[in-house]
Amino acid sequence: MLKRKKESPESGGEQLFRKMPGQNAVNLAELMDGYSKLLIDDPVRPFREDNLQAIENSVDYGILKALEGTWVSYNVNYNKEITKPSLASGVHTTIMPSPGTNSGTIPGKFAFDSEEYIEKLTFSIVPGGVRNRGGASELFCGAVKYEQSIKSVNAIQGQDALKYTPIHEENGMYLWLSDVYNHAATKESIERDRGIHAVSTEDAKKYGYTGEYRDEPLVRITPDGVANPEYILLSQLQPGQPYYEIIPAQEIKPGAGIDGPYFIPDYSISRSGVIPHGSTITLLGDIIPQNKADETFYLIEGSPKFPYGKEAWETNHLSISRTMGNAGVTPEEIIDLDKPAPEWVHQTLDDKNDPGSNKVYTQRILADDLYPYSVRPDLRLRDTLRGQKVSNYVHVRMSSKMKTGAQGGVLNVPFVNRFVPTVEVDMDMWIETIIEDGKEILQLQYEQIVFFEFDFGNDGGTTSWPHIQVNTLRKLADIPEDQRKVIEDQFFNTGENSGAVSGCPYHKG
């Protein structure tokens, strides 16, 4: 987890968010100034009731503060090798069970859909810290609500006007898991919360203890088998004196909890979301650092890096998962996604040119009109950055299924859980400072990969089907006037039924 320190990077404190050499302290640099990694031997702040209002008023939102406001799609096409102009900034790929199929029958039958889309994404700061009380540990979260609306964009043959269709609505909340406090017991809290008898008559009967209700253990100091055993309070035990039995206390002393254990969250950020198909998600994650010259920087200079050529064939980001086969790719024969699709993609395949039916399994994905984005959607993010000057950025990575540590999760309604269970959600988000026309503009890019599971391979194995969404967004004032008019018409000047999701790929015939 990351925490904010009072001292600035120049004060000499060890800062993971210190500026890289030559970087001016503006925008993201100003926002992220003063953060460091929380470690087990760092000072722990004590919580006091009289400080509650001040703590809530000064809650930290971390990098989430940069998201506040309304973001909309920003569309450019700097990749001149793709001659077909982009209709919109977002690209999604969606894979669904083919009509007539059931789990476990006719492996490999699926419907594939890839479309461009526009989006409105609004983040709203929740004023005041959200208090989570856990006894000796307290956590104050900075909460940010979000609302997302997405419309697909398609050209209709014979028509000049584009077709905009609502396909997705989502809302939820991001949390900056920031301020952790130690809340030790006090005389007042013990008396207020006791809920037990002031004196235990059982102690007198069993152990000969006649004092007030115990806030420390009793220990037996006579060996086993001795008649009339003697018990004393733990505080009365002399150094080195043997004891043979411990009777735990049922009350706590003032100051209990101050000696730990102390809670350190695994991650700095969580996201909870509600998706109208019937899935509820919780993602956990953190800001991804860059190591440079033996130093760690979380505010990274320059532009996010995406691969080119054959290096772009990396299945963690492809709409073709490892369990779907690999489109005939071998270490010797790798598809270069910055070149036209291989000839076989547009051929009629048979047992001779496609032994084992590996290529036909994924042919339609490489033959899609949105190639290469239909295969690797995040190349659309890369190509958007091609003509931009990026000063710095912060990279956030989140998942519902972490390799280690605390876990998020996905819950589905019974229909989804039976036929197309959503099992994992992974998300990368880049918050970037763009230098454009002599001014600085914030830009938001994301890649979200949702994994479905349905049908089985010929060997009985489960198939994982990636549903990928990528987009580039800016604030409304920072996009060109022609794009602004489209966004305003589609998301701001609409009627009562504008939020319908009847055009969602799942609902298409």
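Where is the place of E115? The figures below show a predicted model, and E115 is taken up in the second of them, where its place is given as strand 6 (residues 110-125).

**Figure 1. Overview of the protein and its domains.** The predicted model contains 8 helices and 22 strands. Its C-alpha trace spans about 100 × 60 × 55 Å along the principal axes. The protein has 509 residues, and 48% of them count as buried. Among contacts with a separation of 6 or more, 72% are between residues 24 or more positions apart. The domain assignment gives domain 1 (2-13 + 23-71 + 122-164), domain 2 (74-121 + 277-492) and domain 3 (187-246). Taken over C-alpha atoms, the centres of domain 1 and domain 3 are separated by 48 Å.

**Figure 2. Close-up of E115 and its polar partner N154.** E115 sits in strand 6 (residues 110-125). The side chains of E115 and N154 are joined by a polar contact of 2.9 Å. Is E115 buried or exposed? The relative accessible area of E115 is 4%, and E115 is therefore buried, the cut-off being under 20%.

**Figure 3. Close-up of N471 and the residues around it.** N471 is part of strand 22, a strand that runs over residues 462-475. With a relative accessible area of 0%, N471 is buried. Which side chain makes a polar contact with the side chain of N471? The partner is the side chain of S73, at 3.2 Å. Leaving aside residues up to four places away in sequence, N471 touches S73, S89, G90, Y117, E119, L381, L444, Q445 and Y446.

**Figure 4. Close-up of helix 5 and what covers it.** Helix 5 covers residues 359-366. Of the 8 residues of helix 5, 6 are buried, so the helix is largely enclosed by the rest of the structure. The buried residues are K359, Y361, T362, Q363, I365 and L366. Which strands are included in what covers the buried residues of helix 5? Strand 5 (90-97), strand 6 and strand 22 (462-475) are among the covering elements. Two of these strands appear in the earlier views: strand 6 holds E115, and strand 22 holds N471.

**Figure 5. Close-up of the largest cavity and its lining.** Searching the whole structure gives 1 cavity of 30 Å³ or more. The largest cavity has a volume of about 110 Å³. Its lining consists of 13 residues, and those nearest the centre are L121, Q148, Y174, R271 and M427. Two or more lining residues come from each of strand 6, strand 8 (137-155), strand 9 (162-182), strand 20 (422-436) and strand 21 (439-456). Which strand gives the largest share of the lining? Strand 21 does, with 3 residues. By class, the lining has 8 nonpolar, 3 polar and 2 charged residues. Domain 1 and domain 2 each supply at least three residues to the lining of this cavity.

**Figure 6. Close-up of two cis peptide bonds, G260 to P261 and Y371 to P372.** Most peptide bonds are trans. The bond joining G260 and P261 is cis, with omega about 5°. P261 is located in the loop between strand 12 (245-247) and strand 13 (269-275). The bond from Y371 to P372 is also cis, and its omega is near 5°. P372 is located in the loop between helix 5 (359-366) and helix 6 (379-385).

**Figure 7. Close-up of two residues with positive phi, N228 and A327.** Most residues other than glycine have a negative phi. N228, not a glycine, has a positive phi of about 50°. The loop that holds N228 lies between strand 10 (218-220) and strand 11 (231-233). N228 is exposed, because its relative accessible area of 72% is over 50%. A327 is likewise not a glycine, and its phi is positive at about 55°. The loop that holds A327 lies between strand 17 (300-301) and helix 5. Is A327 buried or exposed? A327 counts as buried, because its relative accessibility of 2% is under 20%.

Definitions and conventions: Residues numbered from 1 in each chain as written. Predicted model: local features only at pLDDT ≥ 70, side-chain atom pairs only at ≥ 80, totals over all residues. Heavy atoms only, no water. Helix = DSSP H or I, 4+ residues; strand = E, 2+ residues; numbered from the N terminus. Buried < 20%, exposed > 50% of the residue type's maximum accessible area, 1.4 Å probe, protein only. Polar contact = N/O pair within 3.5 Å; in protein donor to acceptor, adjacent residues only side chain to side chain. Contact = heavy atoms within 4.5 Å. 1 Å grid on protein atoms, 1.4 Å probe; cavity = no way out; pocket = protein on both sides within 12 Å on 5 of 7 lines; lining within 4 Å. Points joined across faces, edges and corners; volume = space filled by probe spheres on them. Nonpolar A, V, L, I, M, F, W, Y, C, P; charged D, E, K, R; others polar. Domains from an automatic or database assignment.
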